[in-house]
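This report examines selected residues of one protein model and describes their surroundings. Please consult the sequence and the structure shown here while reading.

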Amino acid sequence: MHYRNGREAKNGDKIVRLNGGKVDAFGTLDGAVAGNDYCNGNIVHEGGHSTYACLCDCLHVDDVAEILIQEGLGHRQAGK
């Protein structure tokens, strides 16, 4: 099981799901089964409800954070 960027997917990971270049779901990966990167498992949201996880449309939150750092958005700007 792998995310869009090739990172190995594991149940319990914090993930985001992308749709058309936008984040449309986020939460914890649950119920994913090895051997499938499509419509495999669920994203469990705060409060306990869930939605499907198509792993090829998802990224681990650590990878999203790394992208933000690379783009210079990893820290808060100084106050004015």
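## Asn40: a buried loop residue

Asn40 counts as buried, because its relative accessibility is 5% and the cut-off for burial is under 20%. The model discussed here is predicted. Asn40 belongs to the loop that joins β2 (22–30) and β3 (42–44).

Which backbone oxygen does the side chain of Asn40 reach at 2.5 Å? The partner is the backbone oxygen of Val33. In addition, a polar atom of the Asn40 side chain lies 2.7 Å from the backbone oxygen of Asn36. Setting aside neighbours within four places in sequence, the residues in contact with Asn40 are Met1, Leu29, Gly31, Ala32, Val33, Ala53, Cys54 and Leu55.

## Ala9: a residue before the first listed strand

Ala9 is located in the segment that precedes β1 (14–19). Its relative accessible area is 4%, so Ala9 is buried. Residues up to four places away in sequence are not counted here: Ala9 touches Met1, His2, Tyr3, Leu29 and Leu55.

A distance across the chain may also be given. Ala9 and Glu66 are separated by 57 residues in sequence, and their C-alpha atoms are 17 Å apart in space.

## His60: a strand residue

His60 is part of strand β5, which comprises residues 58–60. Is His60 buried or exposed? With a relative accessible area of 8%, His60 is buried.

When neighbours within four places in sequence are left aside, His60 is in contact with Tyr3, Arg7, Asp13, Lys14 and Ile15.

How values were computed: Residues numbered from 1 in each chain as written. Predicted model: local features only at pLDDT ≥ 70, side-chain atom pairs only at ≥ 80, totals over all residues. Heavy atoms only, no water. Helix = DSSP H or I, 4+ residues; strand = E, 2+ residues; numbered from the N terminus. Buried < 20%, exposed > 50% of the residue type's maximum accessible area, 1.4 Å probe, protein only. Contact = heavy atoms within 4.5 Å. Polar contact = N/O pair within 3.5 Å; in protein donor to acceptor, adjacent residues only side chain to side chain.
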